[in-house]
Amino acid sequence: MSYKYLFKVIVTGEQNSGKTSLVRRIADDNFRDFTDTTIGVEFVSVEREIGGQRIKYHFWDTAGQESFAPIIKNYYKGVASGFLVVDGTEPEWKEQMKKWYDRYQRHRDGDSLPLIAILNKIDLPLKAEVDEFKKYAEELGMVGYDISVKTTANTRCLLEKMTEHIIKKIEEGVCVPGVRKGIDIRKIEEEYVIEEGIYDKCCMVQ
């Protein structure tokens, strides 16, 4: 399958914030109430048609346990951007959000784009006010979205938002790490048959 761009995207945040559930929701629109704890890092590849362009995404879903921190820091390198997932039912959501934001800032490449902050579990009683969350995300230089992975509330736009977030910088001429141009197989095949004299752009060659 041909695609225009490949984006490397990190998914980070506290354990049980819903990182793996978010990736699964994006990848195959699936949700399970209980998921196995991520061990280190899990990789998921997704392709979508966004804004008339075929985009491939490599998601690196990272573990939230402190024991994996020395390993995970290496995965912040060479990413275009990512999702910072926050559990909105946690009283210490703000401290947790700042912790993972700081880790990304410390280990990312200089031109990697800011994370997109995700307030998850809005289907449950929240300890975080949505407006306060979005304001705090803005203070840290991020855009914030409130979602429920379980009910799909506000989840369907996230891939589009991430794509817009990255492509805007590409169009501005920024060399964003974690972005690779894809191969348009159809264009290559067309150029090949033209070179071989099989047909021109408008008709078969007799």
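Select lysine 99 and glutamate 14: a polar contact of 3.1 Å joins their side chains. A polar contact here is a pair of N or O atoms within 3.5 Å; within protein, one must be able to donate a hydrogen and the other to accept it, and residues adjacent in sequence count only if both atoms are side-chain atoms. This is a predicted model, in which local features need pLDDT of at least 70 and side-chain atom pairs count only at pLDDT 80 or more, while totals for chains, interfaces and linings use all residues. Residues are numbered from 1 along each chain as its sequence is written, and side-chain values use heavy atoms, with hydrogens and water left out.

Stay on this pair. The side chains of lysine 99 and glutamate 14 also meet in a salt bridge (3.1 Å, N to O), the term for a side-chain nitrogen of Lys or Arg within 4 Å of a carboxyl oxygen of Asp or Glu. The two residues are 85 apart along the chain, with lysine 99 in helix H3 and glutamate 14 in the loop between strand E1 (5-13) and helix H1 (19-28). Helices (H or I, at least four residues) and strands (E, at least two) are DSSP runs, numbered from the N terminus.

Now show what surrounds lysine 99. Leaving aside neighbours within four places in sequence, lysine 99 is in contact (heavy atoms within 4.5 Å) with Glu14 and Glu66. Add glycine 13: its C-alpha atom is separated from that of lysine 99 by 8.6 Å. Lysine 99 has a relative accessible area of 25%, so it counts as partly exposed; buried means under 20%, exposed over 50%, partly exposed in between (1.4 Å probe, protein chains only).

Next, move along helix H3 (residues 93-107) to aspartate 102 and lysine 98. Their salt bridge has its closest N and O atoms 2.8 Å apart. About one helical turn separates aspartate 102 and lysine 98, because they are four residues apart in helix H3.

Then select arginine 156 and aspartate 29, a salt bridge with closest N and O atoms 3.7 Å apart. Arginine 156 is in the loop between E6 and H5 and aspartate 29 in the loop between H1 and strand E2 (41-50), so the pair ties together parts 127 residues apart in sequence. Arginine 156 is exposed at 56%, whereas aspartate 29 is partly exposed at 39%.

Finish in the loop between strand E6 (143-146) and helix H5 (158-171), at threonine 152. Phi of threonine 152 is near 75°, a positive value in a residue other than glycine. Asparagine 154 is placed in the loop between E6 and H5, and its phi, near 65°, is positive.
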